[in-house]
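Subject: Structure for you to look at

Hello,

Here is the structure I promised. Please open it and read the notes below alongside it.

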Amino acid sequence: MTKSLDIKENIEDLRQRLPSGVKLVAVSKFHPSSAIEEAYAAGQRCFAESRPQELFRKIGELEGKCPEIEWQFIGHLQTNKLKLVLPYVSLVQSVDSVKLLLEIDRWGKAAGKTTDILLEMHIAGEDSKQGFFEEEALELLFNAGKYANIRFRGLMGMASNVDDEEIVLSDFRRIADFKDYVCDLFPELEAFDILSIGMSGDWPLALQAGSNMVRIGSAIFGERS
Ligand SMILES: *Cc1c(COP(=O)(O)O)cnc(C)c1O
């Protein structure tokens with residue numbers, strides 16, 4: 001019982017501290033569906049998962065229990081797993097290759113669904129290979145019109161995994177500046193309005209840089225096992 005109290009308290013605490021224009025995405029990966037139900041009961045509606053099978057399983061487990069739930073996807077998405085994810089999510093935050101973009105577009109054409117996506121940006125200095133470099137993102141956005149079944153909604157990024165707040169803040173600012181640059185350069189991308197930066201350990205810094213979407217897992221649900 002103390003656990004449910006924690007989830008509820010954590011959500012209420014975050015809600016008080018986040019400005020109204022910032023969307024809270026509860027990252028429920030590795031936590032059981034019962035934890036999602038607790039967060040839902042506390043008023044949380046938007047949840048994100050990072051593994052296709054886990055998302056698909058939880059959707060089944062929660063069927064009929066959380067009618068207003070909104071799912072997002074934030075993990076690496078292999079093109080052979082699209083069917084487990086795309087029909088169910090409002091946003092794929094983690095598009096990290098042109099190949100994935102093409103496959104999502106193709107799936108959307110067949111399924112008759114336009115998919116909202118964020119481009120996941122590579123942070124200079126991080127050893128992670130995921131995400132686009134800025135030049136790559138610009139190049140594909142020049143051709144945004146060819147992805148008829150995709151709506152480009154903005155950028156997602158993670159800061160370098162370091163304690164130095166100045167480095168974290170400058171990583172976030174770089175993504176924020178790049179988003180502004182993209183919006184100026186491509187005014188035709190009318191829905192390009194999401195800047196998804198900030199996690200449990202660094203969201204206050206992300207807010208300083210202009211985040212309007214934070215992805216928070218452990219600060220809501222506790223440590224992942
Ligand atoms: C797991 C994960 C999060 C949440 O991380 P916490 O530190 O638990 O808040 C956010 N974004 C992505 C992409 C993740 O994979």
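First, a definition for the ligand shell: Ala, Val, Leu, Ile, Met, Phe, Trp, Tyr, Cys and Pro count as nonpolar, Asp, Glu, Lys and Arg as charged, and the others, including Gly, as polar. Note that this is a predicted model.

On that scheme, the residues around the ligand split into 5 nonpolar, 3 polar and 3 charged. They are Val27, Lys29, Ile74, Met158, Met199, Ser200, Arg215, Ile216, Gly217, Ser218 and Arg224.

Which residues make polar contacts with the ligand? Ser200 puts a polar side-chain atom 2.5 Å from a ligand oxygen. Arg215 has a side-chain N or O atom 2.8 Å from a ligand nitrogen. Ser218 uses its backbone: a polar atom there is 2.8 Å from a ligand oxygen. On its own, the ligand has 390 Å² of accessible area, and the protein covers 90% of that. The ligand takes up the space of the largest pocket.

Now the overall fold. The protein has 9 helices and 8 strands. Its C-alpha trace spans about 50 × 45 × 30 Å along the principal axes. The radius of gyration is 17 Å, which agrees with a compact globule, because 225 residues packed that way would give a value near 17 Å.

Best wishes

Note on methods:
Residues numbered from 1 in each chain as written. Predicted model: local features only at pLDDT ≥ 70, side-chain atom pairs only at ≥ 80, totals over all residues. Heavy atoms only, no water. Near = heavy atom within 4 Å. Polar contact = N/O pair within 3.5 Å; in protein donor to acceptor, adjacent residues only side chain to side chain. Areas by Shrake-Rupley, 256 points an atom, 1.4 Å probe, with all protein chains shown as cover. 1 Å grid on protein atoms, 1.4 Å probe; cavity = no way out; pocket = protein on both sides within 12 Å on 5 of 7 lines; lining within 4 Å. Sits in = over half its atoms within 2 Å of the grid points. Helix = DSSP H or I, 4+ residues; strand = E, 2+ residues; numbered from the N terminus. Rg over C-alpha atoms; globule rule 2.2 N^0.38 Å.
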